[in-house]
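Work through the exercises below with the sequence and the 3D structure open. Each task is followed by a solution in steps.

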Amino acid sequence: MDLLFRPRRLRTSETLRKMVRETRVSKQSLVYPLFAVDGEGIMEEIPSMEGQYRYSLDQLSVILNQLTAAGVSKVILFGIPALKDSCGSQAYDDNGIVQRTIRYIREYYPSVYIITDVCMCEYTSHGHCGILDGEYVDNDKTLEYLNRIAVSHARAGAHMVAPSDMMDGRIRSIRLALDDAGYINVPVMAYSAKYASAFYGPFRDAAGSAPSFGDRKSYQMDYHNRKEAIKEVELDVAEGADIVMVKPALSYLDIIREVSDISDVPVAAYSVSGEYSMIKAAAKAGYLDEEKTVCESAVCIYRAGADILITYFAMDLARYMDEGKIG
Ligand code: PBG
């Protein structure tokens, strides 16, 4: 056979396959979501997310020691307050759970890079991501609260803020508020293309943030849409976003690809709670090989165009990278 092209030639050995890989992964781009809860002596496993826990401040060293030992140096913080009210006041309280957690990490784990989730749903009694006007989330009123939350996170020492509420105009509003308060170098990572997704189910269980009525479809995106994601990304970049995000990740690889093709800022992908729990449950049942599935899905998210990966599997992935299973 005079075959000129034999693509298999580059697949003949592990050494060669590793040499010609198109996608490289690095621990530097991993971000681990961390749930901090008000109270003491709490390290409770999240029932729908085996292996993931909520930590009170005095227990946080358990996970922070593990993360730093594994070489995962970035966290995104979520707070679960003891008190919720209609305007989510614990979210912007300088002594709120997230603000105290930031100060603790800054003091005892100075090498950890702290990103904070800026949103109201974990803090409001109704579980929506903003201030209600009847049953509608009032966009412009919510912006004032988001500004306060972001500034109080920065004041506590957050390195980066990540608004996840999907209100219109929030990136500009938060950028101006941060600048006004003197935090010109605190970047904003925008949850730009955040879809109204059933894959957030386990997170809402973890954070106690399920809406008490209705759903989030009047602010999060409809999963039938693709161009709308581009519109959201373009708006956020124009409003000053430093990084844009697509969320969820695995069912939205096409969106990650398109966003990465058009945007000139780094792209983050959030592999959400439901993606984690699906793999965990299938592995537990013996249906899937957990390690291989975790490696493959993470690499595929990067291959789609993600520069940054937010994932509950961050520590596992760091280990797989060390072991040369992906890289
Ligand atoms: C909102 C927020 C949510 C997630 C991150 N930020 C939940 C929601 O929009 O209902 C989901 C994360 C996950 O599922 O892992 N504060």
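**Exercise 1. Place M166 and P248 in the chain.**

Solution. Step 1: M166 is found in the loop between β8 (160–163) and α5 (170–180); helices (H or I, at least four residues) and strands (E, at least two) are DSSP runs numbered from the N terminus. Step 2: the backbone of M166 has a positive phi of about 70 degrees, although M166 is not a glycine. Step 3: P248 belongs to the loop between β10 (243–247) and α8 (253–262). Step 4: the peptide bond from K247 to P248 is cis, with omega near -10 degrees.

The model is a predicted one, in which local features need pLDDT of at least 70 and side-chain atom pairs count only at pLDDT 80 or more, while totals for chains, interfaces and linings use all residues. Residues are numbered from 1 along each chain as its sequence is written, and side-chain values use heavy atoms, with hydrogens and water left out.

**Exercise 2. Find the cavities and describe the largest one.**

Solution. Step 1: apply the rule. On a 1 Å grid over the protein atoms alone, a cavity is a set of points where a 1.4 Å probe fits but cannot get out, a pocket is an open set with protein on both sides within 12 Å along at least five of seven lines, and lining residues have an atom within 4 Å of a point. Grid points are joined across faces, edges and corners, and a volume is the space filled by probe spheres set on the points. Step 2: the count comes to two cavities of 30 Å³ or more. Step 3: the largest cavity has a volume of about 140 Å³. Of its 19 lining residues, C121, K194, Y200, F203 and K247 are the closest to the centre. Step 4: β9 (189–194) and α6 (201–207) each supply at least two residues of this lining.

**Exercise 3. Where is the ligand, and which side chains make polar contacts with it?**

Solution. Step 1: the space taken by the ligand is the largest cavity (more than half of a molecule's atoms must lie within 2 Å of the grid points). Step 2: 18 residues surround the ligand, and K194, R204, K247, S273 and Y312 are the closest (a heavy atom within 4 Å is required). Step 3: look for polar contacts, here pairs of N or O atoms within 3.5 Å. A nitrogen atom of the ligand is 2.9 Å from an N or O atom in the side chain of E122, and a nitrogen atom of the ligand is 3.3 Å from such an atom in the side chain of S164. A polar side-chain atom of S273 lies 2.7 Å from an oxygen atom of the ligand. Step 4: taken alone the ligand exposes 410 Å², and the protein buries 100% of that (Shrake-Rupley method, 1.4 Å probe).

**Exercise 4. Which element gives the most to the lining of the second largest cavity?**

Solution. Step 1: the second largest cavity has a volume of about 80 Å³. Step 2: its lining includes L250, S271, E275 and V294. Step 3: α9 (273–284), α10 (290–304) and β12 (308–311) each supply at least two lining residues. Step 4: α10 gives the most, with four residues.

**Exercise 5. Describe the largest pocket.**

Solution. Step 1: the volume of the largest pocket is about 260 Å³. Step 2: 14 residues line this pocket, and E14, R17, R21, V299 and K325 are the closest to its centre. Step 3: α10 gives the most to the lining of the largest pocket, with five residues.

How values were computed: A polar contact is a pair of N or O atoms within 3.5 Å; within protein, one must be able to donate a hydrogen and the other to accept it, and residues adjacent in sequence count only if both atoms are side-chain atoms.
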